[in-house]
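Trainee: I'd like to go through this structure quickly. Can you take my questions one at a time?

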Amino acid sequence: MKFLSLVMIVIIGCLSYDLWFGRNGIAQYRTLSVQVKEARLKAEKLTLRNQAVQDEIADLNQDMLTVEELARDELGMIKQGETFYRVIEPIPATSSKR
């Protein structure tokens, strides 16, 4: 009877070891769960970025004012007949270290 109990304990130990630490065990499940959460967050961020780009494309296709605004801001373009003024602020005098 003791031999049978010992064999059963060893079998249960092997099976539980495989359950906890083996392939497709609980440890791997937890690791994969964290990876899935990270992938979902990354996909969510990419979805928001894609939506922003699609909105910008829609704005550019619908309205020439948006194109003009982008040209002025990003490329520094001006309309014909406009005068461009550049304002340069003076550099504040600082005490020099000797």
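**Charges, helices and patches**

Trainee: Is Arg-72 buried, partly exposed or exposed?
Mentor: Its relative accessibility is 30%. Buried means under 20% relative accessible area, exposed over 50%, and partly exposed in between (1.4 Å probe, protein chains only). So Arg-72 is partly exposed.

Trainee: What kind of model is this, and what counts in it?
Mentor: Side-chain values use heavy atoms, without hydrogens or water, and residues are numbered from 1 along each chain as its sequence is written. Local features need pLDDT of at least 70 and side-chain atom pairs pLDDT 80 or more, while totals for chains, interfaces and linings use all residues, as this is a predicted model.

Trainee: How many salt bridges are there in the whole structure?
Mentor: Opposite charges on side chains can pair when the charged atoms come close. The cut-off is a side-chain nitrogen of Lys or Arg within 4 Å of a carboxyl oxygen of Asp or Glu. A search of the whole structure gives three.

Trainee: How far apart are the closest N and O atoms of Glu-68 and Arg-72?
Mentor: Both residues sit in helix H3, residues 64–75. Helices are DSSP runs of H or I with at least four residues, numbered from the N terminus. Glu-68 and Arg-72 are four residues apart, so about one helical turn separates them. Their closest N and O atoms are 3.2 Å apart.

Trainee: Which residue outside H3 does Glu-68 pair with?
Mentor: Glu-68 is partly exposed, at 29% relative accessibility. It has a salt bridge of 3.4 Å, N to O, with Lys-79. That pair links distant parts of the chain, 11 residues apart, with the partner in the segment after H3. The partner, at 44% relative accessible area, is partly exposed: Lys-79.

Trainee: Which residue in the segment after H3 pairs with Arg-72?
Mentor: The closest N and O atoms of Glu-82 and Arg-72 are 3.0 Å apart. This pair also links distant parts of the chain, 10 residues apart. The partner is partly exposed at 34% relative accessible area: Glu-82.

Trainee: Which residues are linked in the network of salt bridges?
Mentor: Glu-68 pairs with Arg-72 and with Lys-79. Arg-72 pairs with Glu-82. The network is Glu-68, Arg-72, Lys-79 and Glu-82.

Trainee: How many residues of H3 are buried?
Mentor: H3 has 12 residues, and its end C-alpha atoms are 16 Å apart, in agreement with the expected span. That span is 1.5 Å times one less than the number of residues. H3 lies largely in the open, because the number buried is one.

Trainee: Which residue follows H3 with a positive phi?
Mentor: The phi there is near 70 degrees. The residue is Gly-76.

Trainee: Which helices each supply at least two residues of the negative patch?
Mentor: Patch residues have over 30% relative accessible area and no salt bridge; like charges join within 9 Å, nonpolar side chains within 5 Å. Among the negative patch members are Asp-55, Asp-59, Glu-69 and Asp-73. Asp-59 is partly exposed, at 40% relative accessible area. The helices are H2 (26–62) and H3.

Trainee: What accessible area does the nonpolar surface patch have together?
Mentor: Its members include Met-1, Phe-3, Leu-4 and Ile-11. Met-1 lies in the segment before H1 and is exposed at 80% relative accessibility. Helix H1 lies largely in the open, since zero of its 20 residues are buried. Together the patch residues have about 890 Å².

Technical notes: Accessible areas come from the Shrake-Rupley method with a 1.4 Å probe; for residues, only the protein chains shown count as cover. Lys and Arg count as positive and Asp and Glu as negative; His and the chain ends are not counted. The place of a charge is taken as NZ of Lys, CZ of Arg, CG of Asp or CD of Glu.
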